[in-house]
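This briefing addresses the surroundings of the bound ligand and some backbone features of one protein chain. The sequence and structure are shown first, and the notes follow by topic.

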Amino acid sequence: MNAIQDSSEKGSDAEKRGYVYIIGAGPGDPELLTIKAERVLREADVILYDDLVSIELIARYNAPKIYTGKRKDNHHFEQDAINEEILRHAREGKTIARLKGGDPYIFGRGGEEIEVLRQNGIGYEIIPGITAAQGASAYTEIPLTMRKISSSVAFCTGHPVSKIQVPDTDTIVYYMVASTVYEVLDAIAQKGRNENTAVAIVQNATRYNQKIITGTLGELRKRAQPFYSPALLIIGDSIKQFIEDNWYSKKKKVLIAGDDSSLFDTVEFIKVHFSCKQVEGIDQDWLENEGPLDLDFIDEIYFSSPACVRDFRKHHKTLPKKIVVNTADQSTQAEYTKLFRLSGECAGE
Ligand SMILES: C[S@@+](CC[C@H](N)C(=O)[O-])C[C@H]1O[C@@H](n2cnc3c(N)ncnc32)[C@H](O)[C@@H]1O
């Protein structure tokens with residue numbers, strides 16, 4: 001009897017203090033979210049989201065959204081301020097969805113946020129997410145372990161440079177390497193790894209603009225090529241399983257401007273959504289920082305209405321000629337012709 005009373009008291013206390021779900025959003029593809037996370041995001045009173053969380057994903061949920069990212073150039077939120085923001089909402093008795101890229105416990109600072117919740121007696125749960133290494137592995141066909149090739153894997157950081165480690169595992173995945181790729185490669189070479197060791201750099205894993213650069217340790221150390229964030233560096237023999245024509249690169253990327261269309265089946269296409277409406281709560285600085293869609297990765301585009309053509313034109317003045325354009329009806333086709341073809345601004349015309 002006592003035990004029952006205790007647990008109901010705990011329940012009402014937790015309600016008063018709010019409740020925090022620390023959620024992993026996965027590496028980019030919005031469909032890589034767990035069913036549990038999906039439910040919690042639907043039921044939450046407020047969503048606090050970080051960098052690297054897909055706009056398309058958070059746009060689906062109605063709760064007010066607060067950006068708590070930490071962009072390198074323009075520090076929005078320090079970790080202490082994020083902790084304070086979580087506590088503030090929790091003290092108002094809200095259910096908080098704290099959404100982080102990848103998995104909260106892999107270079108995600110989930111541990112620090114939970115420490116603060118523990119200290120303040122706030123109830124919480126942790127919902128794991130697919131970490132970038134797993135997303136990159138599956139979407140490039142580079143197994144992280146493979147019988148007779150790799151029986152161990154380590155996740156390491158390439159930032160700060162002073163923390164670069166080279167453990168003795170068959171496969172190593174380095175996070176946070178965009179600006180330190182060459183320091184990481186040097187550290188690997190200094191550790192005595194063979195110049196022929198296979199290396200892959202995966203940018204924007206699981207996203208429409210995923211890009212893979214492969215080579216040997218020796219080759220990549222000589223290239224003076226810039227890399228873009230987010231990027232991972234993978235080393236190990238299982239990279240030899242990589243094929244250019246992998247399942248993800250084979251799919252055409254179609255940009256859906258406006259309402260979704262069932263015209264494009266998901267076996268052949270990856271759908272990239274362009275929302276014609278402004279999504280409430282999406283931080284505009286963050287959006288600008290994310291930049292416009294990179295049309296070089298797009299094969300086809302679908303405009304669902306004349307208004308969407310106009311809105312899209314505000315962000316993209318031209319369309320690369322290789323893109324196949326589909327329109328929902330005659331009036332949309334007429335608007336597309338007027339804005340992109342008659343204006344003579346279609347690239348290559
Ligand atoms: C602060 S860590 C967060 C990692 C995250 N918690 C996870 O589990 O994936 C950020 C780093 O994760 C990696 N990362 C995250 N998303 C990525 C993606 N889609 N493609 C490549 N790397 C990614 C990059 O190395 C990036 O610098």
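**Ligand shell and backbone features**

The shell around the ligand comprises 14 nonpolar, eight polar and three charged residues. The model described here is a predicted one. In it, 25 residues surround the ligand.

**Ligand surroundings**

- The closest residues to the ligand are Gly102, Gly108, Ala132, Ala205 and Pro230.
- Two elements, α6 (132–140) and β10 (231–235), each give two or more residues to the shell around the ligand.
- Domain 1 (16–130) and domain 2 (133–243) each supply at least three residues of this shell.

**Cis peptide bonds**

- Ser229 and Pro230 are joined by a cis peptide bond, with omega about 0°. Pro230 is located in the loop between α8 (217–222) and β10, and is also listed among the closest residues to the ligand.
- A cis peptide bond also links His159 to Pro160, with omega about -5°. Pro160 belongs to the loop between β6 (153–157) and β7 (171–175).

**Positive phi in non-glycine residues**

- Phe107, a residue other than glycine, has a positive phi near 45°. Phe107 is situated in the loop between β4 (95–100) and α5 (110–119).
- Phe107 is classed as partly exposed because 18 other C-beta atoms lie within 10 Å.
- Arg109 is not a glycine either, yet its phi is positive, at about 60°. The loop between β4 and α5 holds Arg109.
- Arg109 has 16 C-beta neighbours inside 10 Å and therefore counts as partly exposed.

Notes. Residues numbered from 1 in each chain as written. Predicted model: local features only at pLDDT ≥ 70, side-chain atom pairs only at ≥ 80, totals over all residues. Near = placed C-beta within 6 Å. Helix = DSSP H or I, 4+ residues; strand = E, 2+ residues; numbered from the N terminus. Nonpolar A, V, L, I, M, F, W, Y, C, P; charged D, E, K, R; others polar. Domains from an automatic or database assignment. Buried ≥ 20, exposed ≤ 12 C-beta atoms within 10 Å, placed from the backbone.
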